[in-house]
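Me: I have a chain on screen and some questions about its fold and its contacts. Please keep the answers short.

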Amino acid sequence: MEAEKQSLSAILRDLLIKYDNIFQCSFPYMMGWSGAPTGTYLKTDCSFWQLHLSFFPPLLRSATVPKFLAGYEVFAEKQRDISPEVAAATLRELDGVHYSCK
């Protein structure tokens, strides 16, 4: 369990550095965890469940042009300028060293 915690914190650190490196600024974001089933589900087999983390970054175009979510976007499909695949490729290509340390 301790190794998993260390791995998760290392992954989060690497991801947040890459977010900052996109536009070379402190990257604002909302982050939310989806917790394990509770209540009546505690007596149910929930082995299907996986820890889920979501990031909602408002900066998609540039460091100075934020993307504000419309009300429906908070609970429905987000309207994005780029596909998830392009966003993932961009993050993979970024340097893992924080821009402020260069």
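**Salt bridges, fold and contacts**

Reply: Arg13 and Asp14 form a salt bridge, with their closest N and O atoms 4.0 Å apart. Keep in mind that this is a predicted model.

Me: How exposed is Arg13 in that pair?
Reply: The cut-off for exposed is over 50% relative accessible area. Arg13 passes that cut-off, so Arg13 counts as exposed, at 54%.

Me: And is Asp14 buried, partly exposed or exposed?
Reply: Buried would need a relative accessible area under 20%, and exposed over 50%. Asp14 has 39%, so Asp14 is partly exposed.

Me: How many salt bridges does the whole structure hold?
Reply: One joins Arg13 and Asp14. Another joins the side chains of Lys102 and Asp95, at 2.9 Å from N to O. A search of the whole structure gives a total of two.

Me: Of Lys102 and Asp95, which side chain belongs to an exposed residue?
Reply: Asp95 has a relative accessible area of 37%, so Asp95 is partly exposed. Lys102 has 63%. The exposed residue is therefore Lys102.

Me: Now the fold. What pattern does the chain follow along the sequence?
Reply: The chain has three helices and two strands. Helix H1 covers residues 2-23, and strand E1 covers 30-34. Strand E2 covers 52-56, and helix H3 covers 84-93. Read along the sequence, the pattern is α-β-β-α-α.

Me: What share of the contacts joins residues 24 or more positions apart?
Reply: The count takes contacts in the chain with a separation of 6 or more. Among these, the share for residues 24 or more positions apart is 57%.

Me: What percentage of the residues is buried?
Reply: The chain exposes about 7,700 Å², and carbon and sulfur atoms supply 60% of that area. The chain has 102 residues. The buried share is 18%.

Me: Which residues make up the largest nonpolar core?
Reply: In soluble globular proteins, nonpolar side chains tend to be buried together. The largest such core here has five residues. They are Leu12, Tyr19, Phe27, Phe55 and Leu91.

Me: What does Leu91 touch, leaving out residues up to four places away in sequence?
Reply: Leu91 is a member of the largest nonpolar core, and so is Tyr19. Tyr19 is also among the contacts of Leu91. The full list is Leu15, Lys18, Tyr19 and Ile22.

Me: Which residues form a nonpolar patch on the surface?
Reply: The patch has about 460 Å² of accessible area. One of its residues is Met31, which is found in strand E1. The members are Leu8, Tyr29, Met31, Trp33 and Leu51.

Me: Is Met31 buried, partly exposed or exposed?
Reply: Partly exposed is the range between buried, under 20%, and exposed, over 50%. Met31 has a relative accessible area of 38%, so Met31 is partly exposed.

Me: How far apart are the C-alpha atoms of Met31 and Leu53?
Reply: Leaving aside neighbours within four places in sequence, Met31 is in contact with Leu53, Ser54 and Phe55. Met31 and Leu53 are 22 residues apart along the chain. Their C-alpha atoms are separated by 7.1 Å.

Me: With which side chain does the side chain of Ser54 make a polar contact?
Reply: Ser54 is in strand E2. Outside its neighbours up to four places away, Ser54 touches Met30, Met31 and Gly32. The polar contact of its side chain, at 3.0 Å, is with His52.

Me: What is phi of Gln24 near?
Reply: Most residues other than glycine have a negative phi. Gln24 lies in the loop between H1 and E1. At 56% relative accessibility, Gln24 counts as exposed. Its phi is positive, near 55°.

Me: After H3, which residues does Gly96 touch?
Reply: Gly96 is partly exposed, at 41% relative accessibility. Its C-alpha atom is 8.4 Å from that of Asn21, 75 residues apart along the chain. Setting aside residues up to four places away in sequence, Gly96 touches Ile17 and Lys18.

Me: Which side chain meets the side chain of Ser100 in a polar contact?
Reply: Ser100 also lies in the segment after H3. At 52% relative accessibility, Ser100 counts as exposed. The polar contact spans 2.7 Å, and the partner is His98.

Technical notes. Residues numbered from 1 in each chain as written. Predicted model: local features only at pLDDT ≥ 70, side-chain atom pairs only at ≥ 80, totals over all residues. Heavy atoms only, no water. Patch = residues over 30% accessible without salt bridge, like charges linked within 9 Å, V, L, I, M, F, W, Y side chains within 5 Å. Areas by Shrake-Rupley, 256 points an atom, 1.4 Å probe, with all protein chains shown as cover. Helix = DSSP H or I, 4+ residues; strand = E, 2+ residues; numbered from the N terminus. Buried < 20%, exposed > 50% of the residue type's maximum accessible area, 1.4 Å probe, protein only. Core = buried A, V, L, I, M, F, W, Y, C linked by side-chain atoms within 4.5 Å. Contact = heavy atoms within 4.5 Å. Polar contact = N/O pair within 3.5 Å; in protein donor to acceptor, adjacent residues only side chain to side chain.
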